[in-house]
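Here's a walk through a structure, one neighbourhood at a time. Keep the view open and turn it as you read.

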Amino acid sequence: MKDCHVHTNISHDGVSSIKEYLEYAPTIGVDEITFTEHYDDYTGLNTKLKTLDIKEYYNKYLLHKENSKVKINFGIEIGLQPDLVEKTENIIKDYPFDFIIGSSHITCKKDMAMDKSFFEGYSRKEAYLRYFKEVLENIKLYKQFDVYGHLDYVVRYGGYDNKKIEYSEFNEILDEILINLIKKDKGIELNTSGIRYGLSSPHPNIEILKRYKQLGGKIITIGSDAHKIEDLSKNFLETIEILENIGYKEIALYHNRVPDFIKIKELKR
């Protein structure tokens, strides 16, 4: 198995170290890991969280790469914000990333995982639309990312009784998001953490995965979004089956920012 979205204790919310992942991976049949530490710019936010020191992260990665028996790749998960395009892209150009996930964590200058005021005063549909409109804006503005991470991330934190996104309810904005990703040769991530969060499906949900394929989308990576070793490649077999049932034949792995495609059936061996 190959996991394309993994956080270590270098990220502010990570638990396990690089060394612990590399020792654990062979015991569960994982032969390739792409580390994707969090890079979010907290400028202007009332928080104690600190933006990732990429140089420090890269140096720690290099210490393990040469002697690792597990293939490892240097990735990052960038929190995209519309007003920070030039600043963010200039910083990440300085490093030889294999893979860049673009995600929306801080939206409308609110870190929705930490600050529930993002949802205050808005109905479920209004809040979700706020999120999706900024996702679309980020896709149009940014060049330096490869796939969009956990595309329906907003469903984790609103606290609504009905969290699920029905495609028909948001079809216009979701179609525009997917079409713009496809036009820019960007992919989407199948993030299995949605199952661990009790959402009954991965991120994004199956309807979004189906629509991406219908529109001609071909680039899908699979990541656990693990923050501790126990979650490495968690729920991969059932999500691979979801992709097969939709009609996908292969997934992408990024090396030097270029997607290499692997047949899904090969992952199941």
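In this predicted model, start with the helices α4 and α5. Their axes are 10 Å apart and meet at an angle of about 20°. Anything under 35 degrees counts as roughly parallel, so that's what α4 and α5 are to each other. The crossing itself is left-handed. If you want to see who does the touching, α4 brings Leu129, Phe132, Lys133, Val135, Leu136, Ile139 and Lys140, while α5 answers with Ile173, Leu174, Glu176, Ile177, Asn180 and Leu181.

Helix α4 turns up again when you move to α3, which covers residues 85-92. Val85, Thr88, Glu89 and Ile92 are the buried residues here. Looking down the axis of α3, you'll find them within an arc of 90°, so they line one face of the helix. The spacing makes sense: an α-helix has 3.6 residues a turn, so residues three or four places apart point the same way. What does that buried set of α3 pack against? The partners are the helices α2 and α4 together with the strands β2, β3 and β4.

Next, go to the loop between β7 and α5, where you'll find His150. Is His150 buried or exposed? Its relative accessible area is 1%, so with the cut-off for buried at under 20%, it's buried. The side chain of His150 makes a polar contact of 3.4 Å with that of His105. Beyond its sequence neighbours within four places, His150 also has contacts that include His5, Glu77, Tyr131, Glu189, His203 and Asp225.

One of those contacts, His203, is worth a stop for its backbone. The peptide bond from His203 to Pro204 is cis, with omega near -15°. Pro204 sits in the loop between α6 and α7. Most peptide bonds are trans, and most residues other than glycine have a negative phi.

On the phi side, look at two loop residues. Asp185, between α5 and β8, has a positive phi near 60°, and at 60% relative accessibility it counts as exposed. Asn256, between β10 and β11, has phi near 55°, also a positive value, and it's exposed too, with a relative accessible area of 59%.

Finish in strand β10 with Ile251, which is buried at 3% relative accessibility. Ile251 and Lys263 are 12 residues apart in sequence, with their C-alpha atoms 6.6 Å apart in space. Among the contacts of Ile251 outside its sequence neighbours within four places are Ile220, Ile222, Leu243, Phe261, Ile262 and Leu267.

Conventions: Residues numbered from 1 in each chain as written. Predicted model: local features only at pLDDT ≥ 70, side-chain atom pairs only at ≥ 80, totals over all residues. Heavy atoms only, no water. Helix = DSSP H or I, 4+ residues; strand = E, 2+ residues; numbered from the N terminus. Buried < 20%, exposed > 50% of the residue type's maximum accessible area, 1.4 Å probe, protein only. Polar contact = N/O pair within 3.5 Å; in protein donor to acceptor, adjacent residues only side chain to side chain. Contact = heavy atoms within 4.5 Å. Arc of directions from axis to C-beta. Axes fitted to C-alpha atoms, helices over the stretch in contact; angles between N-to-C directions. Parallel < 35°, antiparallel > 145°, perpendicular 65-115°, else oblique. Left-handed = near helix turned anticlockwise from the far one by under 90°.
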